[in-house]
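Welcome! Have the sequence and the 3D view at hand, and try each exercise before you read its solution.

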Amino acid sequence: MESKTTALKPETAEDPAEGRLIEGNQTYKSLDETIGSIVLSTKPPRAWIVVVGLAFLLVNMLLTTIGYLLYKGVGIWGINIPSGWGQDIINFVWWIGIGHAGTLISAILLLMRQQWRNSINRFAEAMTIFAVVCAGLYPLLHTGRPWLAYWMFPYPNVLGMWPQFRSPLIWDVFAVSTYMTVSALFWFIGLIPDFATLRDRARSRIAQVAYGALALGWTGSAKHWFRYETAYLILAGLSTPLVLSVHTIVSFDFAVSLVPGFHATIFPPYFVAGAVFAGFAMVLTLALPIRALYGLKHLITEKHLDWMAKIMLTTGLIVFYGYMTELFYGWYSANKYEQFLVYNRLYGPYNYLYYALLFCNGVAPQILWWNKARRHVITLFIVSMFINVGMWLERFVIIPMSLTRDFLPSSWGYYTPTEWDWSMFLGTIGLFLFLMFMFIKFVPMINIFEMKDLLHKLAGDHHGNGHDGNGHGTAAAAAHPVPATVTAAQPHNGAEQNRSGDGR
Amino acid sequence: MNRDETAILGGWSRTYFGALIVAGVVAVLVPYLLAGQKQFFQSYLFGWLFWLCVSLGCFGFTLLHHVLRGSWGLPLLRLFEAGNRTLPLMFLLFLPILLGGHHFGMHDLYEWMHADVVRGDAILRQKVPYLNYPFFAVRFVLYFAIWIGISMALNRWSLEQDRTGDRTLADKRTNLSAPGLVLFFITCTFAFTDWVMSLEPHWFSTIYGIWFVVGQGLTTMAMVTAFVTHFADRRPYAGLVTPRLLRDWGNLMLTLTMLWAYTSLSQFLIIWAANLPEEVTYYIRRFEGSGKYVGAFTILCQFFLPFLLLLSGRTKRTPSYLLFVAVWILFLRIVDFGWIIIPAFDRPEGARLWADLIAFVGIGAFWISAFVYLLGKQTLLPTHDPRLHQETLEHA
C-alpha cells in the first residue's frame, strides 16, 4: 500500500485565501529574537510593570482573605443552608473550565496534526496550569480544615478512615490532581528545547545557569530529539482523555445528585463543551492584549484568531443547546420539580442572571458567524469578555439558583456573596494574572522550536523538497540561520483548499 | 459517466433490484401475517428507525464534510450523498404508521395516542400540548422537509461543481452546511424524542438527542468504512485507499466508539446514581431477563473489543482488519439498537424477536436497493476536488 501513489495531496497548512500562520519575512534567527528577546531583554515594557503591580496587590488581598478564612472559618463567605455551595464551587468550576483550552490545544490538536496550534500552545498550557492552581484553592479551603486535606487520599492509615469512593467529590480529587500533574509535565517537557535556546543566548551568568539547569543538559542531538518526540506524543495521548474526563467528573459532582437543576443527563457533554468555550475565551482575553503589547501579530496571526473564534462559536452552540434542552425537557418531563426549575429560572428571584447568561453565552457569540468579526480584534475581545462573564453566570445559575429553591418551600433560602467571596475571587484573578505575567517574563511564551519547525515546513513545501517535518531546527539553529522566508511560501491550491488542516 | 467508476456495482441488474424489493415486501409482511397488526408495527418501526439512522448519519457526515473539508471525507462523500438521498424513501416508509392515526400504526405504538389512557394519567395530560397527533405529524413533515431540502441543495451543488468546476460552489456548500449542522442537531433531538422517547412517554433524558446522533454516526462510519475497505483493491478506490486514509477512518470509528461509550455511560451513571423512580425504570426494563446479558455484551463487544482493536496501528493500516472491525461494529449496532428500542414496546421480554429481525431485513432490502441505485447514478468519487488528482486515477 505504502508504495502506491497517493491520489490525495498531502495536507498543507496554508491557504492563501484564508491567511497565513506566520507572517512577515521571518527567519530562524528572527524567530529566536522576536520570542527570546521578551525573556532575555532586561527592561520589561511599562504595561507589564503596571499589570504585575496590580496583580500583586490582588494576590495580597487573596492572602489576607485566606488568612482571615483560616482564622475565622468558611462562615465569612455567603454560603448557608440550603446553599452550602456558593462562590467557592462556582469559582472552582469556572477556573477548572478555563484550563481546558490549554489541554485541547496542546494535546488534541497535536494528535490531529493541526499546525495552527504552534504559536498559541505554550501560552494556553501555562494558562491551564495557573487556572488549575486557582481552582484547587477553592475546594481545599471549602473543606474548612485544609490541613486535613490529605484525608481525601486513600493512604494506609490508623484512623479507620477511607475515602468514599462512590462520591464524585473524591473522583474530583483524582481527576484534578492527575490533570495538574500531566499538564505540568507536558508543559515542562515542551519547554526543554526552548530553555536550551535561552541558555545559549543568555548573556548574564545567572540566566545561563538558571536556564541551563532547566534545560536538563539538552544538546539538540538527534537522539534527544527522538526521545523528546516520543515522550511528547505519549504525553499528548495521556492528556487527551483528560480534556473529557476532568470536566465530566466535575459535572458528575452535580448530576449524580437529586437536586433539580443539578440532575440532568446532558451535563457531561455540556460541561466539557462549556469548559472549552470558556478556555478559548480566556486565551483570547489574554492573547489579544499581549499580542499587541509585544508585537506578535506576525506569529499569532488573524488565521489563529479565526480558528479560535470558530471553536468558540461551535462550543458556544453546544452550550446553548444544553440550556435549551434543559428548558424543553424540564417542561416535557411533567415532573413538578423540573417544571418549577424552568419557572424559577425564567421568573424566580435570580432570573435577571439567567437572562444575562442567555445573552452572554447564547446571543453575543453569534456575531462570530461573520468572517470579519472573527478577525476583528476588538470584537473578539468584547465577545470573549462576554463569555468569561457568561460562563461564571452559568455556574451561578446551576449552583445557588438550584440549591436555594429545591423541593420544600419551607427549606428554601437565598444566597448573597459577601465581600470575602468577592475578595477571594478577585484575589484568584490577581494570582492568575501574576503567574501569567511572570511566565511571560521568564519563559518563552511562544514555542520557539515548533515555530522554526513550522517555518521549515512551509518553506520546504515551497521549494518542493518534500520535507517530512522531522528536520527540526535545533536549539543551536540560531548560530546558522537559514533564510527561509514564508512570504514566498504559499502553496497554490485554489479554492477547495483544505481549510481545516485535515479535519481529524 | 466513467463506466469503470461504477464497475464495482456491475452485478446489479434490474432483476436484482426487483428481487430485492419483492423480498423486502415479503419480509415486511411476514410479521403481520404470523404475529398480528400490533407486532407488525412494532417490528416495522424498529427496522425503519435503524435504517433511518443510517440515512441521517450519512446526512450528518455530508454536512460535516462540507464544513471541515478534510481530505478524509472525499472518497466517502458520494456514499454519504447516496445515503442522504434515501431520506425521501424513509419519509414514505413512515407513512403507513403516521397515516394510521387513531386507528392503527401510531395507535398501536404510542400509548399517548389513546385518549382514555391520557385521561387517566396526570403526567400524560400535561404532555398533551406536545404529544398529540396533529402536532406530531406537523413536526414529522417539518423534520423531513428540512433534511431533504438541505441535502438536495448540497448534492446538487456538489454534482454541479463536478460538471462546471465552479469553485464558488464549495463555499456555498460550506455556508449552508454550518447552520445546517446546527439544525441537524436540533431536529434530530426532537425527532428521536417524538419517535423513540415517547414510546415510553413518562421517561425523559436530556442527553438523548446527542446519544442518538453519536450512535447513528458510528453506524454510518462503520458502514462506509466496510464498503470502501471491501472494495479497496477495485477501481476507483484502488490506489486511493492509502494507509493514511485508512488510519483516519479507523480513528474516526475509534472516536465515535468512545463517544458512544461516553454518552451511554453518562446517561446510565447519572440515572443509576440518582435512582429516581421516574427515570430508573428505563434501565430496570432493559435489565429484565436476558436484557442484562445483552447490555453487558454491548459493553464488552461494542466498546472494549473495537476500542482495543482500533488502538492498534496495524488494524488501521490493513484494509481487511478494518473491514472486520467495521462489520463487527455494524452487527453490534443492531444488537444495541434492539436493546434500546424493543423493551419500549408493550410485550413480554424477549418475545417475538424474530419478527423484529425479519422487518429489519425487509426495510434494509428497500434501503440497500435505493442506496445502490442512487450510488450508481454518478461517479463514485467527487471529481471536483483538486485534491483528487485525476491523472493518478487514470494511471493507477
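**Exercise 1.** Work out how the axes of H1(B) and H14(B) are arranged in this predicted model, and find which residues make the contact.

*Solution.*
- Step 1: Locate the two helices of chain B, with H1 covering residues 14-68 and H14 covering residues 319-341.
- Step 2: Look at their axes, which come within 11 Å and cross at roughly 130°.
- Step 3: Put a word to that angle: H1(B) and H14(B) are therefore oblique to each other.
- Step 4: Add the hand of the crossing, which is right-handed.
- Step 5: Pick out the residues that touch. H1(B) brings B:Phe46, B:Leu49, B:Phe50 and B:Cys53, while H14(B) brings B:Arg333, B:Ile334, B:Phe337, B:Gly338 and B:Ile341.
- Step 6: Sort them by class, and you get seven nonpolar residues, one polar and one charged.

**Exercise 2.** Now turn to chain A and describe the packing of H11(A) and H13(A).

*Solution.*
- Step 1: Find helix H11 at residues 351-363 and helix H13 at residues 377-403, both in chain A.
- Step 2: Read off the geometry: an angle of about 145°, with the axes 8 Å apart.
- Step 3: Note that this crossing is left-handed.
- Step 4: Trace the contact. Among its residues are A:Leu353, A:Tyr354 and A:Phe359 of H11(A), and A:Phe386, A:Met391 and A:Glu394 of H13(A).
- Step 5: Divide the contact by class, which gives 14 nonpolar, two polar and one charged.

**Exercise 3.** Where does A:Leu233 sit, and which residues does A:Leu233 touch beyond four places away in sequence?

*Solution.*
- Step 1: Place A:Leu233 in helix H7 of chain A, residues 222-255.
- Step 2: Leave out residues up to four places away in sequence; A:Leu233 then touches A:Leu110 and A:Leu111.
- Step 3: Compare sequence with space for A:Phe186: A:Leu233 is 47 residues from A:Phe186 in sequence, with the C-alpha atoms 9.7 Å apart.

**Exercise 4.** How many cavities of 30 Å³ or more does the structure hold, and what lines the largest cavity?

*Solution.*
- Step 1: Recall the idea behind the search: rolling a probe the size of a water molecule over the atoms shows where empty space is left.
- Step 2: Count the cavities of that size, and there are eight.
- Step 3: Take the largest cavity, which holds about 120 Å³ of space.
- Step 4: Turn to its lining of 13 residues, where A:His263, A:Ala264, A:Glu338, B:Phe204 and B:Thr206 lie nearest the centre.
- Step 5: Ask which helices contribute. H9 (302-332) and H10 (336-347) of chain A each supply at least two lining residues, and H9(A) gives the most, with three.
- Step 6: Finish with the classes: four nonpolar, six polar and three charged residues.

Notes:
Residues are numbered from 1 along each chain as its sequence is written. Chains are lettered from A and ligands numbered from 1 in the order in which they are written. This is a predicted model: local features need pLDDT of at least 70, side-chain atom pairs count only at pLDDT 80 or more; totals for chains, interfaces and linings use all residues. Side-chain values use heavy atoms; hydrogens and water are left out. On a 1 Å grid over the protein atoms alone, a cavity is a set of points where a 1.4 Å probe fits but cannot get out, and a pocket is an open set with protein on both sides within 12 Å along at least five of seven lines; lining residues have an atom within 4 Å of a point. Grid points are joined across faces, edges and corners, and a volume is the space filled by probe spheres set on the points. Helices (H or I, at least four residues) and strands (E, at least two) are DSSP runs, numbered from the N terminus. Ala, Val, Leu, Ile, Met, Phe, Trp, Tyr, Cys and Pro count as nonpolar, Asp, Glu, Lys and Arg as charged, and the others, Gly among them, as polar. Axes are lines fitted to C-alpha atoms, for helices over the stretch in contact, and angles run from 0 to 180 degrees between N-to-C directions. Angles under 35 degrees count as roughly parallel, over 145 as roughly antiparallel, 65 to 115 as roughly perpendicular and the rest as oblique. A crossing is left-handed if the near helix is turned anticlockwise from the far one by less than a right angle, and right-handed if clockwise. Contact means heavy atoms within 4.5 Å.
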